Number of protein chains: 4
Amino acid sequence: MARTGKAAAEEAGARESERRKTILRAAIDVFAKKGYHGCRIADVAREAGVAYGLVYHYFKNKDELLQTVFDAGWGGFIARIREVVARDAHIVEKVHGVTQVAFEAYRVDPRGVKVIILEVARAPAGERINRQSAVGEAIQLANEMFERARDRGELRADLDPFVCAGMLFGALEMCLTALVLGLVDVQDEAMVERVQRQISDAFLGGILPTPSTGPAVDAEDAWKRDRSSTRSKTERRS
Amino acid sequence: MARTGKAAAEEAGARESERRKTILRAAIDVFAKKGYHGCRIADVAREAGVAYGLVYHYFKNKDELLQTVFDAGWGGFIARIREVVARDAHIVEKVHGVTQVAFEAYRVDPRGVKVIILEVARAPAGERINRQSAVGEAIQLANEMFERARDRGELRADLDPFVCAGMLFGALEMCLTALVLGLVDVQDEAMVERVQRQISDAFLGGILPTPSTGPAVDAEDAWKRDRSSTRSKTERRS
Amino acid sequence: MARTGKAAAEEAGARESERRKTILRAAIDVFAKKGYHGCRIADVAREAGVAYGLVYHYFKNKDELLQTVFDAGWGGFIARIREVVARDAHIVEKVHGVTQVAFEAYRVDPRGVKVIILEVARAPAGERINRQSAVGEAIQLANEMFERARDRGELRADLDPFVCAGMLFGALEMCLTALVLGLVDVQDEAMVERVQRQISDAFLGGILPTPSTGPAVDAEDAWKRDRSSTRSKTERRS
Amino acid sequence: MARTGKAAAEEAGARESERRKTILRAAIDVFAKKGYHGCRIADVAREAGVAYGLVYHYFKNKDELLQTVFDAGWGGFIARIREVVARDAHIVEKVHGVTQVAFEAYRVDPRGVKVIILEVARAPAGERINRQSAVGEAIQLANEMFERARDRGELRADLDPFVCAGMLFGALEMCLTALVLGLVDVQDEAMVERVQRQISDAFLGGILPTPSTGPAVDAEDAWKRDRSSTRSKTERRS
DNA sequence: CATGAATGAGTCTTCATTCAT
DNA sequence: CATGAATGAAGACTCATTCAT
């Protein structure tokens with residue numbers, strides 16, 4: 001092939017990739033702003049500054065667009081989590097690592113995280129995206145991590161690894177949700193940093209084996225005394 | 001009581017209320033099965049075994065249906081949470097109380113919880129339900145709880161109440177999500193009980209003030225040594 | 001059930017059927033006027049004087065609409081043909097019967113016949129309607145008819161029943177096409193009658209066993225003499 | 001001939017013509033396979049192994065593509081028919097000639113014939129191709145042929161030339177349709193030959209003047225006795 | 001109260017056609 | 001000539017909502 005043709009092709013390829021990225025970026029922004037169901041392809045096209053039909057040149061349909069957003073974002077996230085989990089390190093380091101990955105994702109692309117959390121991470125039942133490959137996948141991964149930690153004696157003996165996994169990701173997700181939804185004024189980077197650190201620390205404080213029995217003892221008694229009364233108050237939801 | 005007009009009217013009222021409840025119940029089930037956007041009014045009507053248009057007798061529109069599901073479920077939940085928070089008790093008891101409320105809701109109506117969590121708790125931006133009255137409301141409530149606890153010295157000094165709130169609800173929500181999505185085999189009530197207990201304990205272990213410095217110290221060092229390398233690995237999202 | 005409810009239901013049922021028929025009729029007319037691909041659902045709705053969406057209340061989609069037109073028209077046609085074929089009668093009577101059925105269909109609903117012939121009878125390959133259940137079905141039917149006639153000695157011995165079938169339906173279809181397309185001025189009913197009679201007669205004249213060898217003999221010689229020259233002229237289609 | 005510039009130009013021209021033919025051939029095949037409306041330009045391009053836009057270099061638009069297919073195929077067909085009609089020969093020879101032309105077309109390019117028959121010969125009303133230049137044109141041509149035959153006394157006196165024309169082309173078209181649609185196993189060339197011969201013979205048997213009154217007489221009586229009953233059975237189309 | 005036929009605005013999706021390279 | 005990215009008009013289809021009975 002001639003030099004020109006090749007160069008042109010490369011340039012075209014680059015431009016194509018450019019366009020595709022533009023559209024994907026626009027989709028993330030629009031999804032973050034109006035939600036998946038609340039936006040039209042036209043919105044994405046307008047946001048991307050391209051013609052209506054071009055979206056369909058790069059993506060089969062609206063669903064695939066969301067899928068791609070999901071795959072790119074969540075896939076990268078999971079990959080980094082996996083890398084942390086695979087390390088041969090103490091659970092303390094791993095928890096810090098997971099937390100770091102989650103917050104770094106937020107710092108790099110808060111709107112992307114918003115879409116992942118709000119639209120796909122727990123996509124409503126019956127939707128295209130399999131939740132077991134989203135939340136479930138993450139939990140499974142963390143589950144393995146905590147299982148190994150337990151086997152190495154790095155975990156409180158009375159805790160199920162699966163519960164630890166749920167708690168860690170739950171804490172991360174909910175706190176990021178709070179940031180994402182603007183429930184917390186994220187004036188400065190320091191604040192985010194601070195939240196991140198607290199999550200790691202508090203979580204670890206709860207799951208590491210405690211040499212001394214700790215302070216939870218008497219509290220437990222208070223709880224037991226109160227429990228039945230609380231329970232009886234529960235009614236069925238209409 | 002008279003058995004005449006008044007009784008008839010009551011009976012009629014009761015029957016109406018019955019219908020309404022039937023439809024609401026059907027809505028919860030259908031939302032849980034196919035998601036809010038994935039179902040049609042016709043689905044709700046079929047599930048309830050009533051005629052198409054009857055849904056509109058009892059509910060202004062599809063949104064109000066979801067709102068009502070939300071209000072009934074979430075409203076009740078929040079009310080019970082509020083009751084727990086209002087108690088003059090140690091934070092340990094309160095945390096146990098909040099956890100108990102959440103799990104009791106799951107035990108009583110798992111599908112209702114599913115809908116709340118998946119459909120409305122963090123309804124995508126631009127949707128009818130104000131998220132600040134969902135997740136935000138709960139977090140705010142817990143925030144106050146932890147603030148008071150901090151003021152009473154029941155909380156680790158280095159923790160923001162708001163982070164504690166996020167962590168608690170995050171842990172609860174994620175673990176319930178796991179149950180709700182069937183990620184965990186919920187063969188028996190004992191398993192649920194066990195998960196509930198672990199969440200309380202682990203969470204409390206992380207947030208209560210520690211008399212002894214605890215075991216986290218050397219781990220922290222390991223973390224600090226590793227941190228920068230982890231950080232540098234973060235790449236941009238496409 | 002109360003008298004009123006029943007009457008209302010019946011009335012409603014009748015009205016529904018009425019609407020459905022109206023739409024079907026409109027579809028036939030619009031298909032006849034603009035062709036299946038050339039018309040929009042909106043055209044059908046407008047022609048029927050109903051709202052857009054109502055078409056979808058009675059028919060799953062555009063295709064089903066065409067299918068229904070086809071089933072109603074062609075199904076009835078085939079049924080009548082089948083009745084004629086089943087008669088225990090001389091092939092002469094049967095051919096007259098088949099011809100009569102075809103022309104009667106045209107007299108009763110020329111536009112319906114037009115749609116059947118132009119749009120579905122030989123729907124282009126890859127289309128929804130299986131042609132083998134259209135043209136093929138008719139030919140198969142006639143084929144059986146002529147097979148029996150041959151067995152009874154009512155057919156020229158040198159003719160394949162299948163060819164007879166093709167010739168009969170071909171003649172009918174082409175002549176009806178001519179009428180339908182307005183290639184012939186159909187001023188009066190007498191003209192149509194006349195065409196019908198001629199088709200039967202000429203066709204029968206060609207397929208009935210000839211006592212005397214007839215006049216075709218020397219013609220055959222002329223043909224043979226000419227044949228090779230004609231053939232050599234054929235070129236390939238680009 | 002020089003081997004320089006002129007040859008190069010010719011070669012270029014030939015190559016262009018080659019491309020054009022490739023595309024046209026691809027169009028015929030794709031139309032035959034999926035129908036005109038059922039295929040996209042992309043399908044044609046893929047089949048031809050050329051780029052998307054190249055089709056538009058050689059053909060103004062999709063319609064022109066079909067038009068060209070039609071013109072090439074039908075035009076050639078009509079031209080040959082015209083040649084046969086123009087001969088100064090007995091109607092017997094001419095009918096054999098017309099039949100021969102039709103079948104030869106099928107032998108040379110069955111898919112081309114398929115497209116002509118299914119897609120354009122009776123293009124639905126409102127379509128680009130004027131039907132009077134397709135079926136109508138052929139019928140008109142044959143009409144003249146039979147008119148002349150009638151004037152020369154070569155035709156049964158009671159037949160309209162126009163009906164003869166319709167019957168001949170109808171028989172040809174329907175039998176070719178049967179071949180084209182695979183309704184008949186066309187294992188061998190002999191079968192096709194056989195069908196061709198039978199059509200000519202049977203058709204001629206029906207339209208040539210019969211010296212003796214022939215065998216149709218009593219059949220006619222049976223028909224007349226039966227007719228009214230058949231007629232009364234006609235019902236309305238839903 | 002109940003019913004479900006009727007309405008029609010809102011969107012997705014397709015695909016012929018153009019155009020810059 | 002060739003390519004295929006870009007355009008956008010056209011139209012099928014959905015489904016929330018209304019309304020007459």
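Is Glu47(A) buried, partly exposed or exposed? With a relative accessible area of 39%, Glu47(A) is partly exposed (buried means under 20%, exposed over 50%, partly exposed in between, using a 1.4 Å probe and protein chains only).

A word on the basis: this is a predicted model, where local features need pLDDT of at least 70, side-chain atom pairs count only at pLDDT 80 or more, and totals for chains, interfaces and linings use all residues. Residues are numbered from 1 along each chain as its sequence is written, chains are lettered from A in the order in which they are written, and side-chain values use heavy atoms, leaving out hydrogens and water.

Now to the salt bridges. Over all chains, the whole structure holds 72 salt bridges (a side-chain nitrogen of Lys or Arg within 4 Å of a carboxyl oxygen of Asp or Glu). Here are some of them:

| Acidic partner | Basic partner | Closest N and O atoms |
|---|---|---|
| Glu47(A) | Lys33(A) | 3.5 Å |
| Asp43(C) | Lys34(C) | 3.4 Å |
| Asp43(D) | Lys34(D) | 3.5 Å |

Lys33(A) sits in helix H1 (residues 3–34) of chain A and Glu47(A) in helix H2 (residues 41–48) of chain A, so their bridge ties together parts 14 residues apart in sequence. Helices are DSSP runs (H or I, at least four residues), numbered from the N terminus.

In chain C, Asp43(C) is buried at 6% relative accessible area, while Lys34(C) is partly exposed at 33%. In chain D, Asp43(D) is buried, with a value of 6%, and Lys34(D) is partly exposed, with 33%. Elsewhere, salt bridges that share partners link Arg25(A), Asp29(A), Asp109(A) and Arg111(A) into one network.

Note on methods. Helix = DSSP H or I, 4+ residues; strand = E, 2+ residues; numbered from the N terminus.
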